[in-house]
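Subject: Structure handover

Hello,

Here is the structure I promised to pass on. Please open it before reading further.

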2 protein chains.
Amino acid sequence: MTNDVKEIFGSAGAPPAPPAPAALAAKVRTLAPSMTRSMQRVAEAVADDPAGCAALTVTGLAELTGTSEATVVRTARLLGYPGYRDLRLALAGLAAQQQSGRAPAITTDIAVDDPIADVVAKLAYDEQQTLADTAAGLDTVQLAAAVTALAGARRTDVYGVGASGLVAQDLTQKLLRIGLMAHAHSDPHLAVTNAVQLRSGDVAIAITHSGTTGDVIEPLRVAFERGATTVAVTGRPDSPVTQYADHVLTTSTARESELRPAAMSSRTGQLLVVDCLFVGVAQRTYDAAAPALSASYEALAHRHRATRRGP
Amino acid sequence: MTNDVKEIFGSAGAPPAPPAPAALAAKVRTLAPSMTRSMQRVAEAVADDPAGCAALTVTGLAELTGTSEATVVRTARLLGYPGYRDLRLALAGLAAQQQSGRAPAITTDIAVDDPIADVVAKLAYDEQQTLADTAAGLDTVQLAAAVTALAGARRTDVYGVGASGLVAQDLTQKLLRIGLMAHAHSDPHLAVTNAVQLRSGDVAIAITHSGTTGDVIEPLRVAFERGATTVAVTGRPDSPVTQYADHVLTTSTARESELRPAAMSSRTGQLLVVDCLFVGVAQRTYDAAAPALSASYEALAHRHRATRRGP
DNA sequence: CACGAAATGAAAGATATTTTCGTCGCGGGC
DNA sequence: GCCCGCGACGAAAATATCTTTCATTTCGTG
């Protein structure tokens with residue numbers, strides 16, 4: 001909330017008014033009548049194109065408006081700033097605000113002829129949205145239960161194929177780093193074969209966006225029947241995979257389209273869930289995890305070339 | 001391209017990159033590791049309190065940070081501005097944005113005893129931040145160039161090990177779906193062996209957060225020397241990997257800590273870049289990509305069970 | 001422990017901003 | 001019609017600010 005009223009009062013009267021933040025255009029209009037011709041030209045230019053004027057020096061603005069430096073400074077003073085330098089700063093701020101203000105045009109879908117910059121903005125926005133939705137929709141009770149099971153598991157198997165297979169591997173990599181026995185399976189046959197080995201106290205995690213991927217459901221079913229604790233990470237809490245899941249972790253389903261396949265948006269949510277699982281387990285097993293984390297970090301150090309500088 | 005890292009900054013490093021508008025905090029974090037101690041102090045002060053620093057002259061900021069004017073100017077240059085004056089302008093803009101926008105949310109680190117709900121919230125927030133920063137800091141010119149190269153490539157190799165290896169696979173999966181010849185390499189030896197086969201018109205992409213992973217740099221160097229178009233996706237635009245990269249795509253570096261390893265935050269940014277590459281290529285090759293996309297979707301349909309409820 | 005490269009700050013040099021001061025144009029009074 | 005005073009206005013000096021140069025210090029290395 002700005003102190004608009006006070007600003008207008010102060011500026012019209014005495015100098016004690018603090019510099020205007022964003023209500024500059026209004027101020028120009030308010031004060032224009034009391035300005036001389038040259039000053040009006042300057043004020044107009046400033047109100048007209050804040051961004052452009054912010055890029056100009058006092059001399060540049062003087063030339064642009066066909067006046068002199070002194071006039072520019074006088075105008076800045078009249079607008080309530082100590083000098084042109086500060087007006088320019090405010091101008092830059094105003095420009096930035098205007099710029100960011102006209103950004104919400106990214107609700108549209110990605111089109112074939114979108115410029116690359118729009119693609120970046122839209123993708124980033126969408127993934128942010130997916131994260132927010134997933135975080136909001138995540139059942140922390142289920143999550144906590146899954147974490148507890150993982151932290152005490154003798155062994156953990158993770159199933160995922162296609163894009164979800166990478167998420168499964170990501171989780172596995174992380175769990176291994178903190179000393180858990182985890183394995184990712186993307187081969188359906190091997191997954192089932194291994195699932196048979198699971199028993200009570202073990203954990204099986206299935207990752208599938210649709211919740212209908214047979215290759216992932218099968219091993220989870222086997223694990224479930226062998227008495228393992230089963231977890232499903234899926235975008236469809238009512239899908240078949242949940243039949244065999246003790247704990248269901250739901251990921252958000254973002255808009256998808258031709259140029260934005262399901263694999264893309266679902267992956268973001270899945271990874272957030274996976275990260276939560278990892279951090280949760282790391283917390284529970286902190287005494288064991290902390291040394292393991294630094295140990296795995298150290299082990300990699302020699303594979304990195306020397307950087308120019310650094311701590 | 002020269003093999004002297006310093007040249008990357010000296011030659012065409014600064015001019016082609018437009019000064020950051022609001023992506024300043026991200027830029028600071030990205031470049032901070034490559035800064036000297038004094039410059040880091042300046043950068044920290046700037047990122048810490050944009051509004052406050054915008055009010056300071058170069059001398060003031062030098063005194064505040066206990067350094068000299070020269071160092072302040074050097075830092076401004078490193079951040080991509082012609083001089084301190086312009087940095088200050090951008091700072092004012094950033095301050096205005098922050099003020100008008102939401103309050104800069106408290107970014108406490110994840111603690112061992114955080115309840116699980118906090119973990120979810122913090123992780124989600126952090127990853128959202130990483131996305132925003134990466135999107136803001138991404139050089140769309142470089143991105144477009146990389147897309148063009150990919151769209152016309154005879155063959156594409158992607159290198160990545162560890163967590164970045166999964167990102168490499170993600171990209172490969174996507175590119176394959178739209179009919180490109182792409183392959184991900186996580187075995188350093190095989191990667192080099194294959195890189196030898198590359199030639200002009202081919203594309204090689206290295207994915208490494210630190211930019212110092214020898215296992216990834218080597219194949220990229222070979223590809224570079226064989227005349228292939230090389231792309232580096234890294235969080236450190238001044239790192240060794242960029243020596244052999246025709247196009248550098250920078251991902252944002254988020255804060256990391258014991259419970260939040262680098263692999264976690266870097267992955268989010270890398271995936272955004274990968275998604276952008278994919279969509280960009282899909283746009284360019286739309287006529288070929290569209291049928292390929294639906295074809296691969298159809299091919300998977302039979303592997304999904306009927307859903308219990310719903311369509 | 002000396003060497004050289006990189007980092008740093010003091011001060012000179014270049015720009016930008018602010019102030020000073022004189023000119024000019026415009027009404028109004030003589 | 002001519003003179004006078006008032007204020008706008010700009011040229012240029014004065015000042016503040018920014019940039020560059022260069023000598024010194026620091027740090028890693030052989």
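Below is what I found, starting with the contact between the protein chains and then turning to the DNA strands.

One caveat up front: this is a predicted model.

Chains A and B

The two chains meet through 64 residues of chain A and 68 residues of chain B. On the chain A side, these helices each give at least two residues: α7 (84–101), α8 (116–137), α9 (140–151), α10 (163–177), α12 (214–225), α13 (262–284) and α14 (286–301). α8(A) supplies the largest share, with twelve residues. By type, the chain A side holds 36 nonpolar, 18 polar and ten charged residues.

DNA strand C

This strand is surrounded by 20 residues. The closest are Thr57(A), Gly83(A), Tyr84(A), Thr36(B) and Ser68(B). From chain A, α5 (58–64), α6 (69–78) and α7 each contribute at least two residues to the surface near strand C. From chain B, α3 (37–48) and α6 (69–78) each do so. The surface near strand C divides into six nonpolar, eight polar and six charged residues.

DNA strand D

Around strand D there are 20 residues. Thr36(A), Ser68(A), Thr57(B), Gly83(B) and Tyr84(B) come nearest. Here chain A provides at least two residues from each of α3 (37–48) and α6. Chain B provides at least two from each of α5 (58–64), α6 and α7 (84–100). The surface near strand D comprises seven nonpolar, eight polar and five charged residues.

Best wishes

Definitions and conventions. Residues are numbered from 1 along each chain as its sequence is written. Chains are lettered from A and ligands numbered from 1 in the order in which they are written. This is a predicted model: local features need pLDDT of at least 70, side-chain atom pairs count only at pLDDT 80 or more; totals for chains, interfaces and linings use all residues. Two residues are in contact if their C-beta atoms, placed from the backbone, lie within 7 Å. Helices (H or I, at least four residues) and strands (E, at least two) are DSSP runs, numbered from the N terminus. Ala, Val, Leu, Ile, Met, Phe, Trp, Tyr, Cys and Pro count as nonpolar, Asp, Glu, Lys and Arg as charged, and the others, Gly among them, as polar. A residue is near a molecule or strand if its C-beta atom, placed from the backbone, lies within 6 Å of it.
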